[in-house]
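Here is a brief report on one protein model. Look over the sequence and the fold, then read on.

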Amino acid sequence: MSPEELVPLVDFRHLSDVLTPAEALAVLPAAEPGRAARAARLRAEGYPAYTTTTGRPGYEDTTLVRLAKEAVADGFGQIEPKVGADLAEDTRRMRLARDAVGPGVRIAVDANQRWDVAEAVRWTTVLAPYTPHWIEEPTSPDDVLGHAAVRSGQSVRGATGEHVADRVVFEQLLQAGAVDCVQIDAARVAGINENLAILLLAAKYGVPVCPHAGGVGLGELVQHLSMFDYVALSGSWDEGSSNTSTICMSTSPRRRRRAATVSHPDRARLLRPDEAGVDRGLSFPGRAGVARSDGHRRPARHRRPEYR
């Protein structure tokens, strides 16, 4: 689509003090040089991803170290453990993770909104010697000024957006200098149109975008927005996207470190029969699934699924 076709898809209400349609029309052509080469690279290599599965709370040290090393061996250039429960424990786990992957692999950390502002500044300052790539959601996602205070109070980059409800809050985060990496979500805001507005805002402020993904199908749904941003807006290859799953048709297990481009509509969100619940007897309490022509069972609507 041309810039003249894309820009009218954006609702500029409550954004025009920062981004006007005319400015958006200028942002898109500015990325035209090199666009064909970026698209070719994307098709050839896939879009880089990072993994969040190496440092879940409660993992034993041996598990954390093993998963971190396996992630690097699998081709991931970034891992992201959880932090926030205990500072001494987080410091020790960060040291283990850094020793496991070496200085050339990025380690981001995710606090999942655990801290108040002063606590976030103190905690992140202590972790800074282990060179975290960013601190994700250090405080409430609704607290724009809190994020700005965390960012100005210490040296680690800030990332947020997973739970941001609309484009206006993203506008405020960018205006306040509160975020170094914008983490859009395919399902949190009002679809592609609103995410396009957020991508344009990030491009205007020169802030990279790294979508939130993970979970069943979320990586596949958001990868197209990452790819659009790379090809048509920012040209940024470095931040990547949180790791794609292997449950949808677009992702091959051999390319888990990369989000593969797709050539067929809807293929990114079609479930793989060998991975999804259709081959595990998906049913609903009190009612059997509905038979499909291919022999699988389609679950009844509006009921909680169970695996048996």
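## The parallel sheet

In what order do the 5 strands of the open sheet stand? The order is S2-S3-S4-S5-S6, and the pairing is parallel. The model is predicted. S2 (78-79) and S6 sit at the edges. Each has a single partner strand, so one side of each lacks a neighbour in the sheet.

At one edge, S2 pairs with S3 (residues 106-110). Their pairing is parallel and runs over 2 bridges. Ile79 stands opposite Ile107 in S3.

## The protein as a whole

The protein has 308 residues, and buried residues make up 50% of them. It holds 10 helices and 12 strands. Take the contacts between residues at least 6 apart in sequence: 68% of these join residues at least 24 apart. The exposed surface comes to about 14700 Å². Carbon and sulfur atoms supply 52% of that area.

## Strand S1 and an aromatic pair

S1 covers residues 47-50. Which way do its residues point? Tyr47 and Ala49 point one way, Pro48 and Tyr50 the other. All are buried. S1 runs antiparallel to S8 (residues 258-259), and 2 bridges join these strands. Tyr47 stands opposite Ala259 in S8.

The protein has 3 aromatic pairs. One of them is formed by Tyr50 and Trp134. Why does this pair count as edge-to-face? The ring planes stand at 80 degrees, and edge-to-face requires over 60. The ring centres are 5.6 Å apart. Tyr50 lies in S1 and Trp134 in S4 (residues 132-136). With their positions 84 residues apart in the chain, the pair links distant parts of it. Both partners are buried: Tyr50 has a relative accessible area of 3%, and Trp134 has 0%.

## Helix H8 and its surroundings

H8 spans residues 167-175. Its buried residues are Arg167, Val169, Phe170, Glu171, Leu173 and Leu174. An α-helix has 3.6 residues a turn, so residues three or four places apart point the same way.

What do the buried residues of H8 pack against? They pack against two helices, H7 (144-152) and H9 (191-205), and two strands, S5 (158-160) and S6 (181-182). S5 and S6 also belong to the parallel sheet.

Both ends of H8 deserve a look. At the start, a side-chain oxygen of Asp166 reaches to within 3.0 Å of the backbone nitrogen of Val168. After the helix comes Gly177, with a positive phi near 65 degrees.

## Cysteines without a bond

How many disulfides does the structure hold? The count is 0. Why is Cys181 not bonded to Cys210? The sulfur of Cys181 has its closest cysteine sulfur in Cys210, at 4.8 Å, which is too far for a bond. A disulfide needs the two sulfur atoms within 2.5 Å.

The view from the other residue agrees. Cys210 is in no disulfide, and its nearest cysteine sulfur is that of Cys181, 4.8 Å away. Are these residues buried or exposed? Cys181 is buried, at 0% relative accessibility. Cys210 is buried too, with a relative accessible area of 0%.

Key
Residues numbered from 1 in each chain as written. Predicted model: local features only at pLDDT ≥ 70, side-chain atom pairs only at ≥ 80, totals over all residues. Heavy atoms only, no water. Buried < 20%, exposed > 50% of the residue type's maximum accessible area, 1.4 Å probe, protein only. Helix = DSSP H or I, 4+ residues; strand = E, 2+ residues; numbered from the N terminus. Contact = heavy atoms within 4.5 Å. Polar contact = N/O pair within 3.5 Å; in protein donor to acceptor, adjacent residues only side chain to side chain. Phe/Tyr/Trp six-rings, centres within 6.5 Å; stacked < 30°, edge-to-face > 60°. Pairing = 2+ DSSP bridges. Areas by Shrake-Rupley, 256 points an atom, 1.4 Å probe, with all protein chains shown as cover.
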